[in-house]
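Trainee: I would like to learn how to read a structure feature by feature. Where do we begin?

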Amino acid sequence: MPLEGSDALSEYRRALTATTLVRPRSRDGWPSGLRRTPGKRVDAQASREFESHPIRFFGLNLGQDMKPSTPTVALVVAALLLVGAPLELLAHGVALGDKGWIQCVVGVNLIPYAYLGAKHMVTGYDHLLFLLGVIFFLYRLREIALYVTLFAVGHSATLLFGVLTGISANAFIIDAIIGLSVVYKALDNMGAFQRWFGFQPDTKAATLIFGLFHGFGLATKILDFEMPSDGMVPNLLAFNVGVEIGQLLALYMILVFMSHWRRTASFARHAYRTNVAIMAAGFVLMGYQIAGFFIYTT
């Protein structure tokens, strides 16, 4: 969840030298109780550590208060990764084996389609990164369930609508927007919108809206499968059920990891830089898809 003003920023600075982690008490899930309230000397040391965060790239300090120059650094990182990436990674498509199987089979095949849906979600790094960003500062199961449900409703709605109506858009553009959703969530976690623009976007609405784009991206892949019309509706529903099962499995693994990490002092020290890394990964995903758009569709 995002930072809430200067008080939350002070908590974040104190958290950088955290030694004792406890459950948060704030309603929005921000870990305001990450450690005992330190003395003035320790607090001053934490503030200095925050201002001189040891993450540097070409001489730029990524630990300073969030400034618009930080996305520029992430873009440079993305560009360097793109230069060294194989051209095949820029292509949008589906696994040849899965596509060939779908084009060959006819009739209702619930279990195989459910497996394909779960496989797509568990191996979908864009979905996993967004999901990680959404729950990064969520501690209560009720809050986690709410946000995951909003995301599931969004992508299920556009998945079913897109495939059943045959409506689609350029897959590269949709996947670039999905990469943008990862960037948005990382910036939101770092409180960038409050710093830059003085307002906080509605996180629940944003999760639902970006869920719609994630589902539309799934729909483009299903349409790329050229699913036979015989048994399409039950197979599509099975695929969507598989996606939800895969999401629950991925969520379970992420929660196990996050629950363990939050009990260590390193979470407070590395939460900021982790979201910087998530943001950079989002820019990389956007770069792949934008490059693919110009290479394969122009």
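Mentor: With the surface. This is a predicted model, and its surface carries a nonpolar patch formed by Val122, Val241, Ile245, Leu249, Tyr252, Met253 and Val256, with about 660 Å² of accessible area together.

Trainee: Which helix gives the most to the nonpolar patch?

Mentor: Helix H11, residues 232–262, which supplies six residues. Val122 belongs to helix H5, residues 110–122.

Trainee: Why can Val122 be counted in a patch, and is it buried or exposed?

Mentor: A patch residue needs over 30% relative accessible area. Val122 has a relative accessible area of 32%, so it is partly exposed.

Trainee: How many aromatic pairs are there?

Mentor: The count is 14 aromatic pairs. Take Trp196 and Phe197: their ring centres are 6.1 Å apart and their planes stand at 85 degrees, so this pair is edge-to-face. Planes over 60 degrees apart get that label. Phe197 also pairs with Phe199, at 6.2 Å centre to centre and 40 degrees between the planes, and that pair is tilted.

Trainee: Are Trp196, Phe197 and Phe199 buried or exposed?

Mentor: Phe197 is exposed, at a relative accessible area of 53%. Trp196 is partly exposed at 25%, and Phe199 is partly exposed at 44%.

Trainee: Which residues do ring pairs link into a cluster?

Mentor: Phe130, Phe151, Tyr184, Phe193 and Phe210. A ring can also have a charge over it: the charged end of Arg262 sits over the ring of Tyr139, 4.2 Å from the ring centre.

Trainee: Now salt bridges. What is the general idea, and how many does a search of the whole structure find?

Mentor: Side chains of opposite charge can pair when their charged atoms come close. The search finds two salt bridges. One joins the side chains of Asp175 and Lys221, at 3.5 Å from N to O. Asp175 lies in helix H8 (residues 171–189) and Lys221 in helix H10 (residues 203–225), so the pair ties together parts that are 46 residues apart in sequence. Both of these residues, Asp175 and Lys221, are buried.

Trainee: What about Asp188 and Lys185: how are they placed in helix H8?

Mentor: They are three residues apart in helix H8, which puts about one helical turn between them. Their side chains meet in a salt bridge at 2.8 Å, N to O. Asp188 is buried, as is Lys185.

Trainee: How do I read the surroundings of one residue, and what does His155 touch?

Mentor: Start with its place, then its cover, then its contacts. His155 is in helix H7, residues 141–165. Its relative accessibility is 1%, so His155 counts as buried. Leaving out residues up to four places away in sequence, His155 touches Met121, Gly211, Leu212, His214, Gly215, Leu218, Val243, Glu244 and Gln247.

Trainee: And the whole protein: how many helices and strands are there?

Mentor: There are 12 helices and two strands. Along the sequence they follow the pattern α-α-β-β-α-α-α-α-α-α-α-α-α-α.

Trainee: What share of the residues counts as buried, and how much area does the protein expose?

Mentor: Of the 298 residues, 51% count as buried. The protein exposes about 14300 Å², with 66% supplied by carbon and sulfur atoms. As for contacts with a separation of 6 or more, residues 24 or more positions apart account for 79% of them.

Technical notes: Residues are numbered from 1 along each chain as its sequence is written. This is a predicted model: local features need pLDDT of at least 70, side-chain atom pairs count only at pLDDT 80 or more; totals for chains, interfaces and linings use all residues. Side-chain values use heavy atoms; hydrogens and water are left out. Patches are made of residues with over 30% relative accessible area and no salt bridge: like charges are joined within 9 Å, nonpolar side chains (Val, Leu, Ile, Met, Phe, Trp, Tyr) within 5 Å. Accessible areas come from the Shrake-Rupley method with a 1.4 Å probe; for residues, only the protein chains shown count as cover. A salt bridge is a side-chain nitrogen of Lys or Arg within 4 Å of a carboxyl oxygen of Asp or Glu. Helices (H or I, at least four residues) and strands (E, at least two) are DSSP runs, numbered from the N terminus. Buried means under 20% relative accessible area, exposed over 50%, partly exposed in between (1.4 Å probe, protein chains only). Rings of Phe, Tyr and Trp (its six-membered ring) pair if their centres lie within 6.5 Å; planes under 30 degrees apart count as stacked, over 60 as edge-to-face and the rest as tilted. A charge sits over a ring if NZ of Lys or CZ of Arg is within 6 Å of the ring centre and within 35 degrees of the ring normal. Contact means heavy atoms within 4.5 Å.
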